[in-house]
2 protein chains.
Amino acid sequence: MTAIRTARERARDEVTRAIKDEARRQLAADGASKLSLRAVARELGMVSSALYRYFPSRDELLTALIVDAYNALGDAVDGALHAAPDAEPLDGWTAVCRAARAWALAHPHEYALIHGTPVPGYAAPDDTSGPGVRLPLALAAVATRARGAGRLAPPDGGPPPAPVLADAAIHVPEHAPELEPETLAAVLAAWAQLLGLLSTEIFGQFNGVITARELFFDHAVAGLGRSVGLRAAGEAAG
Amino acid sequence: MTAIRTARERARDEVTRAIKDEARRQLAADGASKLSLRAVARELGMVSSALYRYFPSRDELLTALIVDAYNALGDAVDGALHAAPDAEPLDGWTAVCRAARAWALAHPHEYALIHGTPVPGYAAPDDTSGPGVRLPLALAAVATRARGAGRLAPPDGGPPPAPVLADAAIHVPEHAPELEPETLAAVLAAWAQLLGLLSTEIFGQFNGVITARELFFDHAVAGLGRSVGLRAAGEAAG
DNA sequence: CATAAGCAAGAGCAGTGCTCTCGTTCTTGG
DNA sequence: CCAAGAACGAGAGCACTGCTCTTGCTTATG
């Protein structure tokens, strides 16, 4: 891996990036279903077959965009997480959730790409590494902080069934060594439910039902935070 | 509207139904993105242009399938709702949620059609009538029953902000006249969060993370029921 | 019975993803 | 330094898509 790369290598990276940028533009404009390799190539002044030197198929291009979208969302929530390291647990939780919502609202088609109907070609990597876990990890980080501050109660509803606890326990050492498995399980449930709040709004299912969406979201998200065990200032922690 | 319909009318209905059936078959097999008018026509032994006598576009066909899918899901949850009219509130809640999950797992592509990335052509009718509300209505019905049995507490987390309360109050008279607006608001939040649990599982985001999915679901759904105010036998309702 | 409406079929258009071939350009080992 | 080989862009072409238009035929209705 030489630091000095050949002109060809640099050109390749540049073209690859240009293709992804243009593809992301079309994605943001018209959605994944309308993304066309030929249109991307046309816009870049090249012929469609040339594009196959960089991405072996349309689905591979979409996969690249999926990874980028996961990372963009991950950056957004990590930013919120680190913006106020000493926030109240519930405030930090809300901040992370709000950051996710803001990103999703600003990039609905990219959100749909990662949390909507899966694209046929993209098989989610069956492990818990990679950019797909950055949002749940950010949520877990809020719980970890709360625990450090003595403000984390056992999750609502008591401990989950043993197999669920075991599922969660597997990921504790690597991802949340300071959390109890039951808390991580609660975080995962809250994560899925948060995605429900986001998808329902982004995909338009609240149309004609909920108009005060921001307040609705904040209220629901606060409930999720409490279900995980986050406690406000006055409340006991266990 | 004569009861005796012409042969042409009957033939039209029959062909329309055959088209939808074949389209649903292809949908279930390969997903919405792979559904092709030409393939449907081919399978039915007609030429593709003939199909346009019945559906003005591919998106209109998909819209018809969307309505059918909403109704199939609605039938599933209504069935669970009426199967045990005198169940414990939390048991009824779980039964409805389980019915939704079972239907979604059995018909993932149809679930994706109604709760995944929206298809560009289908603008969700901006009102609260229609088959799209049958699931949230079934959830509200469980709360109504619980209230009748004196087993409904105020929702967790206190009343939502006033604008959210107002949104909910608008729909109380028509859809849930016996519920407090704050309870309906909590039901709507629980509905969105339930969709999150379903979508996350159906769309494969639990791969490699949660293996005990049924138990995980039941545990999370019980939490949702409690957040709405449903109380188990021993618990006070106020 | 004649007129009009409904219908299936076929050709055709513009667009798509993708493959293959053919020169050209750049990189690199001898 | 130069020749072999890899990477590359262009173009033609294939099979497919949604959709339109025209042409005849069948059915319903005045």
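Which surface do the copies meet through, and what share of the interface residues of chain A are also interface residues in chain B? That was my opening question for today's notebook, and I kept in mind throughout that this is a predicted model.

**Entry 1: the two copies**

I compared the interface residues of the chains and found that 100% of those in chain A are interface residues in chain B as well, so the copies meet through the same surface. Next I superposed chain A on chain B, which took a rotation of 180° with 0.0 Å of shift along its axis, at an RMSD of 0.0 Å. The two copies are thus related as by a two-fold rotation axis. I also looked for the residue of chain A that comes closest to the rotation axis, and found A:G196, with its C-alpha at 1.6 Å.

**Entry 2: the protein interface**

I counted contacts and got 46 residues of chain A touching 46 residues of chain B. My next stop was area, since the size of an interface is often given as the accessible area lost when the parts come together. Chain A and chain B bury about 3,900 Å² between them, and carbon and sulfur atoms carry 63% of it.

I then turned to polar pairings. The rule finds zero salt bridges across the interface of chain A and chain B, while 13 residue pairs are in polar contact, both partners being at pLDDT 80 or more.

Which elements of chain A give two or more residues to the side that touches chain B? I noted α6 (108-115), α8 (162-175), α9 (181-202) and α10 (213-228). Of these, α9(A) gives the most, with ten residues. By class, this side of chain A divides into 26 nonpolar, 16 polar and four charged residues.

**Entry 3: DNA strand D**

Moving on to the DNA, I found 22 residues around strand D, of which A:S49, A:R53, B:R38, B:R42 and B:R58 come nearest. Among the atoms of strand D that come within 4 Å of the protein, sugar and phosphate account for 46%.

I picked out three polar pairs to look at by eye:

- A side-chain N or O atom of A:S49 is 2.6 Å from a base oxygen of DNA strand D.
- A polar side-chain atom of B:R8 lies 3.0 Å from a base oxygen of DNA strand D.
- A backbone N or O atom of A:V47 lies 3.4 Å from a phosphate oxygen of DNA strand D.

Both chains supply elements with two or more residues near DNA strand D: α1 (7-30) and α3 (48-51) from chain A, and α1 (7-30), α2 (37-43) and α3 (48-51) from chain B. I found the largest share, three residues, in α2(B). My last tally for this surface was eight nonpolar, six polar and eight charged residues.

Notes
Residues numbered from 1 in each chain as written. Chains lettered and ligands numbered in written order. Predicted model: local features only at pLDDT ≥ 70, side-chain atom pairs only at ≥ 80, totals over all residues. Heavy atoms only, no water. Contact = heavy atoms within 4.5 Å. Buried area = accessible area lost by both parts, 1.4 Å probe. Salt bridge = Lys/Arg side-chain N within 4 Å of Asp/Glu carboxyl O. Polar contact = N/O pair within 3.5 Å; in protein donor to acceptor, adjacent residues only side chain to side chain. Helix = DSSP H or I, 4+ residues; strand = E, 2+ residues; numbered from the N terminus. Nonpolar A, V, L, I, M, F, W, Y, C, P; charged D, E, K, R; others polar. Near = heavy atom within 4 Å. Least-squares fit on C-alpha atoms with pLDDT ≥ 70 in both.
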